[in-house]
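Work through the exercises below with the sequence and the 3D view side by side. Try each task before you read its solution.

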Amino acid sequence: MNKQQHQLMLVMRKIGVFKGLEIEHIQRILRVAVSKQFEVGQRIYIIGEPSDEMLVLLRGRLLVTTAGGDQLGEILPGSPTGEMGVLTNQPRSANISAIEPSVAVVITKKNLDAVLASNAVMYMSIMKNIVELLCERMAATNQRNDALQRRISLLEGEDDYDSDDGDDDDDGDDGDDGDYEEEFVNDSDYADENDEYPGE
């Protein structure tokens, strides 16, 4: 095993779905992998297409975008893409294109399935990793949804307060300064509640 192969094996063992696999397991996977080169601007994966292969980037940079062209992020050397789709049979969830001349190790779903079918230990380890990753993603999604709901509630509360404040201003025309002072104190208290979410 040369230095490049050894480094590639170390990279593969760090990929979430391959976590915990033995060196011999990674070697089996790499035996069915092929090297591919991508030119600048080349579209590699398209949203909605079948996930028939995954890759691990060795050199270059890949851009991840939505169907509308919005940038979601970049894939750098040592990072995988497409592995979850290959193992869960889900279609591509983003567009992937090369923004630099790039080289990657590509593993087809057909070849990976054949390797896993020949080794029950590998198969069970990878399925366990997939379940853990999906649970982590679900938990992260729930946290984002909860944060968004809190923010929406705060914004709705501000709208309600602004509406109530406008009504109080009308009452203030009657000359009741005491009511105005009381509303001013309540306004300060409400600002403190907003401070509970300084980063959102």
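**Exercise 1: a hairpin**

Task: find the residue with a positive phi in the hairpin of β4 and β5.

Solution. The hairpin of β4 and β5 has five residues between the strands. There, G69 takes a positive phi near 95 degrees. Strands here are DSSP runs of E with at least two residues, helices are runs of H or I with at least four, and both are numbered from the N terminus.

Some ground rules before going on. The model is predicted, so local features need pLDDT of at least 70 and side-chain atom pairs count only at pLDDT 80 or more, while totals for chains, interfaces and linings use all residues. Residues are numbered from 1 along each chain as its sequence is written, and side-chain values use heavy atoms, with hydrogens and water left out.

**Exercise 2: the partners of β4**

Task: say which strands are joined to β4, and in which direction they run.

Solution. Step one: take β5 (residues 71-75). Four bridges join β5 to β4, and the two run antiparallel. Two strands pair if DSSP finds at least two bridges between them. Within this pair, L62 stands opposite I75.

Step two: take β7 (residues 95-98). Four bridges join β7 to β4, again antiparallel. Here V64 has I96 as its bridge partner.

Step three: check the faces of β4 (residues 62-65). L62 and V64 lie on one side, L63 and T65 on the other, and all are buried. Buried means under 20% relative accessible area, exposed over 50%, and partly exposed in between, with a 1.4 Å probe and protein chains only.

**Exercise 3: an open sheet**

Task: give the strand order of the open sheet of four strands, and name its edge strands.

Solution. The order is β1-β8-β3-β6, with antiparallel pairing. The edges are β1 (34-38) and β6, each of which pairs on one side only. Now look at β1 and β8: five bridges join them. One pair of bridge partners is Q37 and V103.

**Exercise 4: two residues in strands**

Task: decide whether I107 is buried or exposed, and list what I107 contacts.

Solution. I107 lies in β8 (residues 102-108). Its relative accessible area is 0%, so I107 is buried. Contact means heavy atoms within 4.5 Å. Leaving aside neighbours within four places in sequence, I107 is in contact with M12, I29, V32, A33, E53, M54 and L112. Also compare I107 with V34: they are 73 residues apart along the chain, yet their C-alpha atoms are separated by 6.7 Å.

Repeat the steps for T81 in β6. T81 counts as buried because its relative accessibility is 12%. Not counting residues up to four places away in sequence, T81 touches Y45, M54, L55, I75 and I96.

**Exercise 5: one face of a helix**

Task: name the buried residues of α2, and say where they fall around its axis.

Solution. In α2 (residues 23-31), the buried residues are H25, I26, I29 and L30. Seen down the axis, they fall within an arc of 135 degrees, so they line one face of the helix. The arc is that of the directions from the helix axis to the C-beta atoms.

**Exercise 6: two asparagines in loops**

Task: place N119 and N89, and classify each as buried or exposed.

Solution. N119 is in the loop between α4 (109-117) and α5. At 10% relative accessibility, N119 is buried. N119 touches H25 and R28, not counting residues up to four places away in sequence.

N89 is in the loop between α3 and β7. With a relative accessible area of 57%, N89 is exposed. N89 has a positive phi of about 65 degrees, although it is not a glycine. Most residues other than glycine have a negative phi.

**Exercise 7: the whole chain**

Task: state how many helices and strands the protein chain has, and what share of its residues is buried.

Solution. The count is six helices and eight strands. Along the sequence, the pattern is α-α-β-β-β-β-β-β-α-β-β-α-α-α. Buried residues make up 29% of the 200 residues. Of the contacts with a separation of 6 or more, 72% are between residues 24 or more positions apart.
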